[in-house]
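Open the model in a viewer and keep the selection tool at hand. The stops below can be taken in order.

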Amino acid sequence: MSGDALHDRVFLTRVLEPGDETGGRWVRELGVGEVARRLRGGGAVLPGVSGKRWAGLRARAGNAEPGHDLAAARAAGVRFVAPGDGEWPRQLEDLGDARPLGLWVRGRSSLRIWALKSVAVVGARACTEYGAQVAVGLAAGLAERGWVVVSGGAYGVDGAAHRGALSAGGATVAVLACGVDRPYPRGHTELISRIAEQGLVVGELPPGDHPTPSRFVLRNRVIAALTRGTVVVEAAYRSGSLVTARAARRLGRPTMGVPGPVTSALSAGVHELLREDAVVVTDAAEVVELVGAMGELAPERRGPVLPRDLLAPGARRILAALPAREATAVAEIARGAQTTPDDTIARLYELRALGYVERHGDGWKLTRQAMVSVGRGPGDR
């Protein structure tokens, strides 16, 4: 990118708000240079804005100093990555006119390469101990499988997800709603510095810029577009993490949710998401099954193998036909198992050798061991 084009794009990150689709349309139709020229006062008013808004944009333009922003970024070890650069993640183009004008990146790794195999793990700021534990385990499991964990750097689930990935020696990306040279929240200064050393810190806003409520919401579309899928660990009905999940769904990315107690308000938003079309996940293997390559299947979930599970089907039918308490004749057992008396006798002797049944005169009954194994109670037949 030429020096003028770089300065013009950096200038626009100072003038236009993230996700401004009107501004994105101007850039697409007129080009970065022409939009910057008009905002500096060198041409006609750009279409689709009121006089009041145009005056506000022009006031911002008058204070923008792209050279100063680039110098501040260099001093903080931050680079500016723009569409068309080798490091630009092409999946951000899915945002259309709401795509970022560019991204400020802090950290040594390639954002484009990392984004190719990344998953967003997001959730409530005021999460429960359960939510934090799940987020740490999920992120660590993903990192161990070679996946990059992306989140928003906030308190709660975001911070737990970053820490989980870092603890596993893995890669993580924090997408901030402010300048990447000023960690936010302040309580995560040490964490975000560690992410910058071991991973990447990314944002749309130029150095020194501050977060606002609307910028947090708009930041979430970048998390959704950057990654292969989004997992919500805990979220109330009005949680911003649901914004991320629904943005991912609109972009055609898998959306996933970790269920919690039905009595918890912090799981209510996740459960609502699951009632729509999100997929239940409980660990990293299930996430990778959805976002990974074909054949990366989660292991089959089964309960413990009980001794009776190893019996042949015919023997299990005989066992099920025996009452819990009294001895029963062979003919009655055969009717209950829907087989012949000869087959019943053969199976009964097989089960006796295994310690499941015992003979009492002409009748047969379950042993105490068998009643424990098959889960019979004293009142069962």
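What follows is a tour of helices, strands and single residues, with a selection to make at each stop.

This is a predicted model, in which local features need pLDDT of at least 70 and side-chain atom pairs count only at pLDDT 80 or more, while totals for chains, interfaces and linings use all residues. Residues are numbered from 1 along each chain as its sequence is written, and side-chain values use heavy atoms, with hydrogens and water left out.

**Stop one: a helix with a buried face**

Select helix H4, residues 51–63. Helices here are DSSP runs of H or I with at least four residues, strands are runs of E with at least two, and both are numbered from the N terminus. The expected span is 1.5 Å times one less than the number of residues. For the 13 residues of H4 that gives 18 Å, and the end C-alpha atoms are 19 Å apart, which agrees.

Now colour Trp54, Leu57 and Ala61, the buried residues of H4. Buried means under 20% relative accessible area, exposed means over 50%, and partly exposed lies in between, with a 1.4 Å probe and protein chains only. Viewed down the axis of H4, these buried residues fall within an arc of 65 degrees, so they line one face of the helix; the arc is that of the directions from the helix axis to the C-beta atoms. They pack against helix H1 (3–15), helix H2 (21–30) and helix H3 (32–39). Turn to the other side of H4 to find Lys52, Gly62 and Asn63 exposed.

**Stop two: a buried aspartate**

Go next to Asp69 in helix H5, residues 66–75. Is Asp69 buried or exposed? Asp69 is buried, because its relative accessible area is 4%. Show the side chain of Arg14: a polar contact of 2.6 Å joins it to the side chain of Asp69. (A polar contact is a pair of N or O atoms within 3.5 Å; within protein, one must be able to donate a hydrogen and the other to accept it, and residues adjacent in sequence count only if both atoms are side-chain atoms.) Leaving out residues up to four places away in sequence, Asp69 touches Val10, Arg14, Trp104, Pro206 and Pro207, where contact means heavy atoms within 4.5 Å.

**Stop three: the open sheet**

Select the 9 strands of the open sheet, which has mixed pairing and the order E1-E2-E6-E5-E4-E3-E7-E8-E9. Two strands pair if DSSP finds at least two bridges between them. The edge strands, E1 (78–81) and E9 (279–280), each pair on one side only. Then pick out E3 (residues 118–122) and E4 (residues 148–151), which are parallel and share 3 bridges. Ala120 stands opposite Val150 in E4.

**Stop four: Ala160**

Move to Ala160 in helix H8, residues 157–167. Ala160 is buried, with a relative accessible area of 6%. Its contacts beyond four places in sequence are Ala132, Ala135 and Val136. Between Ala160 and Ala132 there are 5.6 Å from C-alpha to C-alpha, although they are 28 residues apart in sequence.

**Stop five: a hairpin**

Finish with strand E12 (residues 363–366), which runs antiparallel to strand E10 (residues 328–329) over 2 bridges. Strand E11 (residues 357–360) is also antiparallel to E12, with 4 bridges. Select Gly363 in E12: Ala329 has Gly363 as a bridge partner, and so does His360. In the hairpin of E11 and E12, 2 residues lie between the strands, and Gly361 takes a positive phi near 65 degrees.
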